[in-house]
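User: Please go through the ligand site of this model and justify each term that is used for it.

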Amino acid sequence: MNEWTRKDLLGLEELSAQEIELILQTAGSFKEVSTRSVKKVPTLRGKTIVLFFFEPSTRTRTSFELAAKRLSADTLSIATSTSAIQKGETLKDTFKNIEAMKVDAIILRHSSSGVMHTLAESMGPSIINAGDGCHEHPTQALLDMFTIKEKKGKIKGLNVSIIGDITHSRVARSNIWGLKKLGANVTICAPRTLLPREIEKMGVNITTDLSKALKGADVINILRIQKERQKAGLFPSMREYAIQYGVSKEKLEKYAKKDVLVMHPGPMNRGIEIMPDVADGTYSVILEQVTNGIAVRMAVLYLVSQANSDEQEQ
Ligand code: CP
């Protein structure tokens, strides 16, 4: 199977390895567009794409908007603070009204896990998940995998350690689904209180010891401590977390491989989960992840758009 037939991108859990590979391969062919002096191709000319973010975002929102514009689509951002949701309109009614204006795709970030699936079932436009609660952030994981493949030449057989607040992380979940499907060995590392129950069912190795997560890793993906989602004190203090789990150059030099790749989805808490000498150091590919995000999102917009057009023609 080498064909994309989904009108939506909701998560990596439901994708096959072949579908993930197809997105990465398509992203590879779009990456060059952003290096041109005229950064535009006519692929989605005439399409309208709506960005609807109920949570703050810098990278994902900008990257999706640039991806859509570079494909020549018309884009529209809806500010939740000035939308009729503030008057009590339901999300479903809001979406039905946007659908009635004949848009082609809606990119949505929302704090409720799984909200995308409910909407996608009843909507004509493509729904693209830009992060739903603690559930999934598929395009972040896709750009992470694209970056790994670009730097290491492969994903199969690599040791990837994901370090940080796993419990609250949609990035961790999407990365685990994607990396496992493409054959990586995944280790997760966090204090016990930041490890979700039954995570071992996802086929990952688990450790609470940072030195073990660093040893032998080809890639480490450091996750943000999500202060806004910490309802109870899940670890004694930020200072203690930084001492035990903060990744510094000194720790990398002591435990990690010489060619380890350091990734972080952003935004970073400098001095907590990642030290500035790592964030800005030679192991870091953090800004390359951001660059690759545009190509990956161009690929996703192109593929879902094609599939939705084919579905409507039948
Ligand atoms: N990685 C990520 O989702 O960043 P933003 O919250 O800035 O979109």
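The exchange below concerns a predicted model.

User: What makes T58 a polar contact of the ligand?

Analyst: A backbone N or O atom of T58 lies 2.8 Å from an oxygen atom of the ligand. The cut-off for such a pair is 3.5 Å, so the pair qualifies. The backbone of R59 also provides an N or O atom, 2.9 Å from a ligand oxygen atom.

User: Why is Q140 counted as a polar contact too?

Analyst: In Q140 the N or O atom belongs to the side chain, and a nitrogen atom of the ligand is 3.0 Å from that atom. This value is within 3.5 Å, and therefore the pair counts. As for burial, the ligand taken alone exposes 250 Å², of which the protein buries 92%.

User: Which residues surround the ligand, and how are they classed?

Analyst: The ligand is surrounded by P56, S57, T58, R59, T60, R109, H137, Q140, P265 and G266. By class, this shell has 2 nonpolar, 6 polar and 2 charged residues. Pro counts as nonpolar and Arg as charged, while Gly is placed among the polar residues.

User: Which domains contribute to the shell?

Analyst: At least three residues come from each of domain 1 (17-137 + 290-313) and domain 2 (138-289).

User: Where does the ligand sit, and what is known of the largest cavity?

Analyst: The ligand sits in the largest pocket. The structure also holds 1 cavity of 30 Å³ or more. About 70 Å³ of space lies in the largest cavity, whose lining includes R59, Q140 and P265. Those three residues are also among the ones that surround the ligand.

How values were computed:
Residues are numbered from 1 along each chain as its sequence is written. This is a predicted model: local features need pLDDT of at least 70, side-chain atom pairs count only at pLDDT 80 or more; totals for chains, interfaces and linings use all residues. Side-chain values use heavy atoms; hydrogens and water are left out. A residue is near a molecule or strand if one of its heavy atoms lies within 4 Å of it. A polar contact is a pair of N or O atoms within 3.5 Å; within protein, one must be able to donate a hydrogen and the other to accept it, and residues adjacent in sequence count only if both atoms are side-chain atoms. Accessible areas come from the Shrake-Rupley method with a 1.4 Å probe; for residues, only the protein chains shown count as cover. On a 1 Å grid over the protein atoms alone, a cavity is a set of points where a 1.4 Å probe fits but cannot get out, and a pocket is an open set with protein on both sides within 12 Å along at least five of seven lines; lining residues have an atom within 4 Å of a point. A molecule sits in a cavity or pocket if more than half of its atoms lie within 2 Å of its grid points. Domain bounds come from an automatic or database domain assignment. Grid points are joined across faces, edges and corners, and a volume is the space filled by probe spheres set on the points.
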